[in-house]
Amino acid sequence: MWDNIKGHQQNKEFLKSLLQGGRSTPSLLFYGPEGVGKRLLAKAFAKSFLCLGNPLEPDNCRSCHAMDAGTHPDLVQVAQLAPGKELLIEQIKDMARQAAYAPTMSTHKVCIIDGADFMKAPAANSLLKLLEEPPEYWLFILIATDINKLLPTILSRVIQRRFTGLEDRDVAAILAEHQVEHPEELARLAAGSPGKALAYQQADALMWRERALNVLENAGNPAIMDFISNLEWLDKVGNQEGLTFLEMFSLLLRDGLFLKDGTKCQFFNIDLEPRLEQCFKLWTTGQIEKTILWTGESYRGIRARCASKSVIEALIVKISLMGKEQDRD
Ligand SMILES: [Zn+2]
């Protein structure tokens with residue numbers, strides 16, 4: 001069942017057992033990294049839950065058709081208006097108003113609340129009221145990345161199901177289904193998240209990775225200012241691109257650390273191993289760690305809308321000066 005969704009075997013088994021036990025399911029919380037399939041499984045479960053036929057083999061009823069077409073009247077979805085934005089109290093209240101109505105097609109209603117970890121206190125309390133006394137034909141499924149941001153009172157009202165990253169080969173298989181080039185490389189970079197891997201593909205992450213590696217390989221260049229001014233891409237780098245560059249920069253540096261301590265099995269950029277060995281030969285562990293911290297600061301700078309070009313320039317200069325200081329020692 002739900003074979004088209006890769007991984008998450010234990011969660012699938014658990015959800016299947018809920019369906020076998022009838023439809024008196026308590027509210028659920030799916031939490032774990034972004035892009036691993038929480039939403040996909042929530043929707044697949046909702047389809048079964050609302051099915052008018054056999055929920056363990058949902059396919060051909062009116063409800064299933066409506067679900068596939070995205071027009072099911074008994075599925076209510078609440079989500080942030082944009083990624084990373086707050087889930088508003090008006091949205092929760094709107095959903096609560098709909099709770100007053102009985103299901104129209106199925107015997108139950110399902111409400112999927114995406115970004116449940118992005119609520120401020122008023123919205124969270126409003127949701128809590130619903131969870132405390134849910135209308136009997138309603139099922140709530142909350143979706144969150146960071147469980148620590150949810151009120152303990154909400155957590156005590158839901159069954160928590162943790163989702164983890166997928167195996168690289170499952171991610172690569174999903175990418176291959178989407179006809180993405182270089183599925184293995186992207187799967188490793190995305191550390192188990194097919195959603196992230198697809199986003200990396202859209203962002204041309206492998207090209208940015210090459211640029212990031214080129215910068216690291218030239219960190220010791222004595223004419224660093226000339227090197228920077230010859231980086232043609234740097235002149236027109238946008239903020240989103242700057243963030244992708246820094247993400248790749250950071251993953252390369254992490255591999256540098258793995259090289260130093262010999263844990264190569266965790267490598268993000270296994271295909272670049274010989275170049276990375278050469279690149280980090282003269283770096284100390286401390287220098288790599290420091291550079292990872294600076295990269296994080298640069299990332300936050302661009303997120304706070306500083307211009308990517310100057311942030312990246314400053315980072316490269318800093319790294320190159322660090323090398324010179326060591327030369328003097
Ligand atoms: Zn059905």
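Okay, let me start in helix 13: Phe245 is buried, and so is Phe249. Keep in mind that this is a predicted model. Both of these phenylalanines belong to helix 13, residues 239-261, and they are four residues apart, about one turn of the helix. Their rings form a stacked pair, 5.4 Å centre to centre with 25° between the planes. They also have company: Trp208, Trp233, Phe245 and Phe249 make up one aromatic cluster. And Arg211 lies over the face of Trp208, 4.7 Å from the ring centre.

Searching the whole structure turns up nine aromatic pairs. One of them is Trp2 with Phe45, edge-to-face, at 6.3 Å between centres and 70° between planes. That pair ties together distant parts of the chain, with Trp2 in the segment before helix 1 and Phe45 in helix 2, 43 residues apart. Trp2 and Phe45 are both buried.

Now, the sheet. It's an open one, five strands in the order 2-3-4-1-5, with parallel pairing. Strands 2 and 5 stand at the edges with a single partner each, so one side of each has no neighbour in the sheet. Further in, six bridges join strand 3 to strand 4, and Asp114 has Ile143 as its bridge partner in strand 4. Helix 1 lies across strands 1 and 5, running at about 150° to strand 5.

Last stop, the metal. Which residues hold the zinc ion's protein donors? They're Cys51, Cys61 and Cys64, each giving its SG, lying 2.2 Å from the zinc ion. In sequence the spacing reads C-x9-C-x2-C. Of these, Cys61 and Cys64 are both buried.

Note on methods:
Residues are numbered from 1 along each chain as its sequence is written. This is a predicted model: local features need pLDDT of at least 70, side-chain atom pairs count only at pLDDT 80 or more; totals for chains, interfaces and linings use all residues. Side-chain values use heavy atoms; hydrogens and water are left out. Donors are N, O and S atoms within 2.8 Å of the metal (3.2 Å for Na, K and Ca); water is not among the atoms, so sites may look incomplete. Buried means under 20% relative accessible area, exposed over 50%, partly exposed in between (1.4 Å probe, protein chains only). Two strands pair if DSSP finds at least two bridges between them. Helices (H or I, at least four residues) and strands (E, at least two) are DSSP runs, numbered from the N terminus. Contact means heavy atoms within 4.5 Å. Axes are lines fitted to C-alpha atoms, for helices over the stretch in contact, and angles run from 0 to 180 degrees between N-to-C directions. Rings of Phe, Tyr and Trp (its six-membered ring) pair if their centres lie within 6.5 Å; planes under 30 degrees apart count as stacked, over 60 as edge-to-face and the rest as tilted. A charge sits over a ring if NZ of Lys or CZ of Arg is within 6 Å of the ring centre and within 35 degrees of the ring normal.
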